[in-house]
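Let's take a relaxed walk through this fold together. Have a look at the sequence and the model first, then read on.

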Amino acid sequence: VPSLAQTTGQVVKIDEPAGMITIKDTSGQQVAYKPKDGLLFNAVKEGDKVSFTASEENGQKVISKLEKR
């Protein structure tokens with residue numbers, strides 16, 4: 001069972017060809033996530049403050065839910 005973590009941060013990079021969104025969390029750490037839903041690429045832009053739920057699946061960090069703040 002993947003563990004889910006609700007956290008907040010800021011989108012710093014969107015790399016749609018690679019399928020990754022990089023988010024800087026409240027501790028200042030930048031982490032690249034793979035969105036479960038490709039529509040998330042259209043929902044956010046660099047600089048947006050977001051609240052999201054992430055988990056780890058097969059060694060990859062995955063966003064299952066993301067909302068603009």
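Strand 1 and strand 2 make a hairpin with four residues between them, and G19 in that turn has a positive phi of about 75°. This is a predicted model, where local features need pLDDT of at least 70, side-chain atom pairs count only at pLDDT 80 or more, and totals for chains, interfaces and linings use all residues. Residues are numbered from 1 along each chain as its sequence is written, and side-chain values use heavy atoms, with hydrogens and water left out.

A quick word on terms. Helices (H or I, at least four residues) and strands (E, at least two) are DSSP runs, numbered from the N terminus. Two strands pair if DSSP finds at least two bridges between them.

**The barrel**

How many helices and strands does the protein chain have? It has one helix and five strands, and along the sequence they follow the pattern β-β-β-α-β-β. The radius of gyration is 11 Å, close to the 11 Å that the globule rule gives for 69 residues, so the protein chain is as compact as a globular protein of that length. (That radius is taken over C-alpha atoms, and the rule is 2.2 Å times the number of residues to the power 0.38.) Along the principal axes, the C-alpha atoms fill a box of roughly 30 × 25 × 20 Å.

The five strands close into a barrel in the order 1-2-3-5-4, with mixed pairing. From one strand to the next, the twist averages 55°. (Axes here are lines fitted to C-alpha atoms, for helices over the stretch in contact, and angles run from 0 to 180 degrees between N-to-C directions.) Here are three of the pairings, each with one facing pair of residues:

| Strands | Sense | Bridges | Facing residues |
|---|---|---|---|
| Strand 1 and strand 2 | antiparallel | six bridges | V11 and I23 |
| Strand 1 and strand 4 | antiparallel | six bridges | G9 and V50 |
| Strand 4 and strand 5 | antiparallel | eight bridges | S51 and E67 |

Contact means heavy atoms within 4.5 Å. Counting contacts with a separation of 6 or more, 47% are between residues 24 or more positions apart.

**The inside**

Buried means under 20% relative accessible area, exposed means over 50%, and partly exposed is in between (1.4 Å probe, protein chains only). By that yardstick, buried residues make up 35% of the 69 residues in the protein chain.

In soluble globular proteins, nonpolar side chains tend to be buried together. A nonpolar core is a set of buried Ala, Val, Leu, Ile, Met, Phe, Trp, Tyr and Cys residues joined through side-chain atoms within 4.5 Å. The largest one here has 13 residues, and I21, I23, Y33, V50, F52, I63 and L66 touch the most other members. Strand 2, strand 3, helix 1 (40-43), strand 4 and strand 5 (60-68) each give two or more residues to this core. Which element gives the largest share? That's strand 4, with three residues.

Take I63 as a sample. Leaving out residues up to four places away in sequence, I63 touches I23, Y33, K34, P35, K36, L40, F52, T53 and A54.

Two of those neighbours also meet each other. A search of the whole structure finds one aromatic pair: Y33 and F52, sitting edge-to-face at 5.2 Å centre to centre with 65° between the planes. Y33 lies in strand 3 (residues 30-35) and F52 in strand 4 (residues 49-57), so the pair ties together parts that are 19 residues apart in sequence. Rings of Phe, Tyr and Trp (its six-membered ring) pair if their centres lie within 6.5 Å; planes under 30 degrees apart count as stacked, over 60 as edge-to-face and the rest as tilted. Y33 and F52 are both buried.

T22 belongs to strand 2 (residues 20-25). Is T22 buried or exposed? T22 counts as buried because its relative accessibility is 14%. Beyond its neighbours within four places in sequence, T22 is in contact with Q10, V11, V12, K13, Q30, V31 and A32.

**Out in the loops**

N58 sits in the loop between strand 4 and strand 5. N58 is exposed, with a relative accessible area of 85%. Its phi is near 55°, a positive value in a residue other than glycine.

S27 is in the loop between strand 2 and strand 3. With a relative accessible area of 59%, S27 is exposed too. S27 and V12 are 15 residues apart in sequence and 14 Å apart in space, C-alpha to C-alpha.
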